[in-house]
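Colleague: Could you take a close look at one part for me, the largest nonpolar core? Which residues in this core touch the most other members, and what surrounds them?

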Amino acid sequence: MPKIAIQNVGKVFGEGSHRVEALQDVSLDIADNEFVTFVGASGCGKSTLLRIIGGLEYHTAGEVLVDDQPIMGPGADRAMVFQHYSLYPWLTVMENIKFSRRLKHGRENLREADVEAASGRADALLSLMGLNAAANAYPNQLSGGMQQRVAIARALMGRPKILLMDEPFGALDAQTREVMHDLILHVHRLEKPTLAFVTHDVEEAIYLADRVVLMAPRPGRIDTIYQVPLPAEREQDMKHTPEFLSLKKEILARIRETSGMKTDQGMLDQLNLGTVTV
Amino acid sequence: MWAIRGPLSRNQYWLFAVLGLLTPLGLWWLVSSGTSVDRVFMPTPVDVFNRLVTWYREDDLLSDMGISIYRVTAGFALSALIALPLGLLIGTFRPVQAVLEPLTDFIRYMPAVAFIPLVMLWVGIEESSKIAIIFIGTFFQMVLMMAEDVRRVPLAQIEAAQTLGADKGETINLVIFQAAKPALLDTLRVTMGWAWTYLVVAELVAANSGLGYSILKAQRFLQTDKIFVGILLIGVIGLVMDQLFRLAHRKAFPWLHLRS
């Protein structure tokens, strides 16, 4: 049984002349503990699909099942990490990580031992993310990379079975991003969540994933699914292997084709850079 | 110093600020001390100061100030008390927004002054009528501004809470309200200023005390110096309250004023 079963899902935004078909007949099974990344030209609906799984958006056709149950809105079993602005600036790093402990959901049927375990878990997550020194700092005192590490720790706090990430490293610089890649792979091995990850960075998509799902726009749909031909244990050096590079080239070419723009050269020609004199 | 958006040291800032305050005072002194302007139209700073002293000694300035502060504070507090939950609801739930926002927008364009006859008819001429005028002058603006404050809470903060298992009540209490608090306090500070501008209007209604009333009465007796005192006092009280709100802001939201 797949962890997440997406069955003929469609999504329409707006009405009348504003009607946009964001997703059309999308079907995909994601296995337990699988790491799936979604790439595609803008408007392909990859974020919308992720938000539907998260229960933040409702699909207008088809069905999404988690553990064979249709999803009914957002829930603690599907924690989501956003690109930015999701931390609570009035809470310290530690208070942000423990945020879910303030919720009724996190307090039900708790025994003393659970409370202690939770406190231990918050400490463990703090160390895992390398945030010990920042425990009592406020988010706006942290760098972008540290802020995202807090957001990930906060999402992991309640041991979600599914972790949804919507371009979580999109606003970070390249070096920080590489560190975050190895961190999230480590988290995936350690906590074993099912991971659905949206990105516009093809290299990131390949490096992290078991499978890369390429989506195409107008209407948003799944175009191709690529199995990543790399060992389960990833290392930065693998980014320079022929398998990696050829897959990257193939995916980039396909994104260009599906975006409606034939080639980068075509785009440049259209801009007419060569003949312009200033 | 004159670079576009260039820095300014603390001392330089204060120097300019004092200059900005003293220059108009100096100009006033100069103009009023000359012979070209009749004292009846333009009293000198000394006249105004003397009037302040006699008002304090002989005409019970403190009780005029007290009653005015009471009226403004009561009208303002009443607005805030009702506007806060309404703003929170309008900014959170689209149906509430659809029902209340166009209506509030409509009423807010009606001049508060024009409500005076109705207020006298409905509320009477007691204290409550003055408070009602200040309420009408501030409430509708306040609701709309607060709704906007609430709407500016980043969606990611709200959605993160939902995917962590927060229900609606928790999302509103623990995220939306907390996130909007600093902006809401700023809205209170700004609308407090507007409440003071409605004081004179409010004290048009059968008042026999208060700063606004004293200004109106002084007009009848051509006591220009007293008008000056009244206006300046309202300005000073407003400035003090503004600074108190700013202080409260710094104390209540230390995390906003930190830098790494």
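Modeller: Let's start with the vocabulary: helices (H or I, at least four residues) and strands (E, at least two) are DSSP runs, numbered from the N terminus. By that count chain B has 11 helices and 0 strands. One caution: this is a predicted model, where local features need pLDDT of at least 70, side-chain atom pairs count only at pLDDT 80 or more, and totals for chains, interfaces and linings use all residues. Residues are numbered from 1 along each chain as its sequence is written, while chains are lettered from A and ligands numbered from 1 in the order in which they are written.

Now to your core. The term means a set of buried Ala, Val, Leu, Ile, Met, Phe, Trp, Tyr and Cys residues joined through C-beta atoms within 7 Å. Buried means 20 or more other C-beta atoms within 10 Å of a residue's own (exposed is 12 or fewer, partly exposed is in between, and C-beta atoms are placed from the backbone). The largest nonpolar core has 116 residues, and the ones that touch the most other members are Ala153(A), Val212(A), Ile134(B), Val143(B) and Leu199(B). Its top contributor is helix α6 (residues 127-151) of chain B, with 14 residues. Over in chain A, domain 1 (4-77 + 160-271) and domain 2 (87-158) both give residues to the core, so it lies between them. Those bounds come from an automatic or database domain assignment.

Zoom in on Val143(B). Leaving out residues up to four places away in sequence, Val143(B) touches Ala83(B), Leu86(B), Gly87(B), Ile90(B) and Thr104(B). Contact here means C-beta atoms, placed from the backbone, within 7 Å. In chain B generally, 70% of the contacts with a separation of 6 or more are between residues 24 or more positions apart. Buried residues make up 31% of its 260 residues, and its C-alpha trace spans about 75 × 60 × 30 Å along the principal axes.

What about the two domains of chain A? Their C-alpha centres lie 27 Å apart, and their contact takes 11 residues from domain 1 and 9 residues from domain 2. On the domain 1 side, helix α6 (residues 174-191) of chain A gives the most, with 4 residues. That side has 9 nonpolar, 1 polar and 1 charged residues. (Ala, Val, Leu, Ile, Met, Phe, Trp, Tyr, Cys and Pro count as nonpolar, Asp, Glu, Lys and Arg as charged, and the others, Gly among them, as polar.)

The two chains touch as well: 26 residues from chain A and 18 residues from chain B take part. On the chain A side, β6 (78-81) and α3 (104-107) each supply at least two residues. By class, that side has 13 nonpolar, 10 polar and 3 charged residues.

Since β6(A) came up, look at its two faces. Arg78(A) and Met80(A) are buried on one side, and Ala79(A) and Val81(A) are buried on the other. In general, side chains in a regular strand alternate between the two faces of the sheet. β6(A) pairs in the parallel sense with strand β7 (residues 162-166) of chain A, over 4 bridges; two strands pair if DSSP finds at least two bridges between them. Within that pair, Ala79(A) sits opposite Leu163(A) of β7(A).
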